[in-house]
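The exercises below ask the reader to work through one structure step by step, with a solution after each task. Please look over the sequence and the structure before starting.

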Amino acid sequence: MRELALNILDIAENSLAAGAKLVEISVCADFAADRMKISIRDDGKGMSAEMLKTVCDPFTTTRTTRKVGMGLPLFKYSAESAGGSFYIESEEGKGTLVEAGYQIGHVDRMPLGDFGGVALQLVTMNPETDFVISAESEEGKGVLDTRQMREILGEDIPLSAPEVRAFLKDYIQENLTDIFGGRL
């Protein structure tokens, strides 16, 4: 993967496949400390202790269509090769937390990429799942909570409605520009 946003999308899709009803995604940057953290937490089915021990092995997967799973191993590698860290915890029946830390200025850190596009795709194409997507830096914090959006819009207007989608696209992009200033 050439950008971290695609890693985030892949991990979020794992959450959806695990039956998550709530997925929380955050990207926090501390430019002064040269650090960034990406977190994805879900309330899906979680993993057994045995699966958790091997989940970062590319030859461990629950898929039946292929015998390799590269999402978590690549996410881990992207963090560790960029002066960062990787953490995962999971409990059956409770969900999973995946965190990756990065040194922002590290030569091997992949760009964040189109995080706004990934956020838009997730919230508009998964009407049965709630998302809390946040971005934070010294410049500010922005949170998009689909539960609040649905409350405002009511039951008759889906997040995928063209007008809502257009609003969300602009809203997300403006906030990311204000918060990260194109530095990730």
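**Exercise 1. Sort the residues lining the second largest pocket into nonpolar, polar and charged classes.**

Solution. The model is a predicted one, and the second largest pocket in it has a lining of five nonpolar, three polar and two charged residues. To see where these classes come from, list the lining itself, which consists of Val 123, Thr 124, Pro 127, Arg 150, Gly 154, Glu 155, Ile 157, Pro 158, Leu 159 and Ser 160. Since Asp, Glu, Lys and Arg count as charged, the two charged residues are Arg 150 and Glu 155. The volume of this second largest pocket is about 160 Å³.

**Exercise 2. Describe the largest cavity by its volume, its lining residues and the elements that supply them.**

Solution. Begin with the count, which comes to one cavity of 30 Å³ or more, and with the volume of the largest cavity, which is about 100 Å³. Next, go along the chain and collect the lining: Phe 115, Ile 133, Ser 134, Ala 135, Gly 142, Val 143, Leu 144, Tyr 171, Ile 172, Asn 175, Leu 176 and Ile 179. Two or more of these lining residues come from each of β5 (130–137), β6 (140–145) and α6 (162–180), and the largest share, five residues, is given by α6. Finally, sort the lining of the largest cavity by class, which yields nine nonpolar and three polar residues, with no charged residue.

**Exercise 3. Find the aromatic pairs in the whole structure, and state how the rings of Phe 75 and Phe 86 are arranged.**

Solution. The search of the whole structure gives two aromatic pairs. In the pair of Phe 75 and Phe 86, the ring centres are 6.2 Å apart and the planes stand at 85°, an edge-to-face arrangement. This pair links distant parts of the chain, with Phe 75 in helix α3 (residues 71–80) and Phe 86 in strand β3 (residues 85–91), eleven residues apart. As for exposure, Phe 75 is buried at a relative accessible area of 0%, and Phe 86, at 15%, also counts as buried because the cut-off is under 20%.
The other pair is made by Phe 167 and Tyr 171, whose ring centres lie 5.7 Å apart with planes at 20°, so that the pair is stacked. Phe 167 and Tyr 171 are four residues apart in helix α6, which separates them by about one helical turn. An α-helix has 3.6 residues a turn, so residues three or four places apart point the same way. Phe 167 is partly exposed at 47%, and Tyr 171 is partly exposed at 31%.

**Exercise 4. Which residues does Gly 116 contact, leaving aside its neighbours within four places in sequence?**

Solution. First place Gly 116, which is found in helix α4 (residues 115–125) and is buried, with a relative accessible area of 7%. With the sequence neighbours within four places left aside, the contacts of Gly 116 are Ile 172, Gln 173 and Leu 176. Of these, Ile 172 and Leu 176 also belong to the lining of the largest cavity.

**Exercise 5. Against which elements do the buried residues of α3 pack?**

Solution. Start from the buried residues of α3, namely Gly 71, Leu 72, Pro 73, Phe 75, Ser 78 and Ala 79. These buried residues pack against α1 (4–17), β2 (35–42), β3 and β4 (95–103).

How values were computed. Residues numbered from 1 in each chain as written. Predicted model: local features only at pLDDT ≥ 70, side-chain atom pairs only at ≥ 80, totals over all residues. Heavy atoms only, no water. 1 Å grid on protein atoms, 1.4 Å probe; cavity = no way out; pocket = protein on both sides within 12 Å on 5 of 7 lines; lining within 4 Å. Points joined across faces, edges and corners; volume = space filled by probe spheres on them. Phe/Tyr/Trp six-rings, centres within 6.5 Å; stacked < 30°, edge-to-face > 60°. Buried < 20%, exposed > 50% of the residue type's maximum accessible area, 1.4 Å probe, protein only. Contact = heavy atoms within 4.5 Å.
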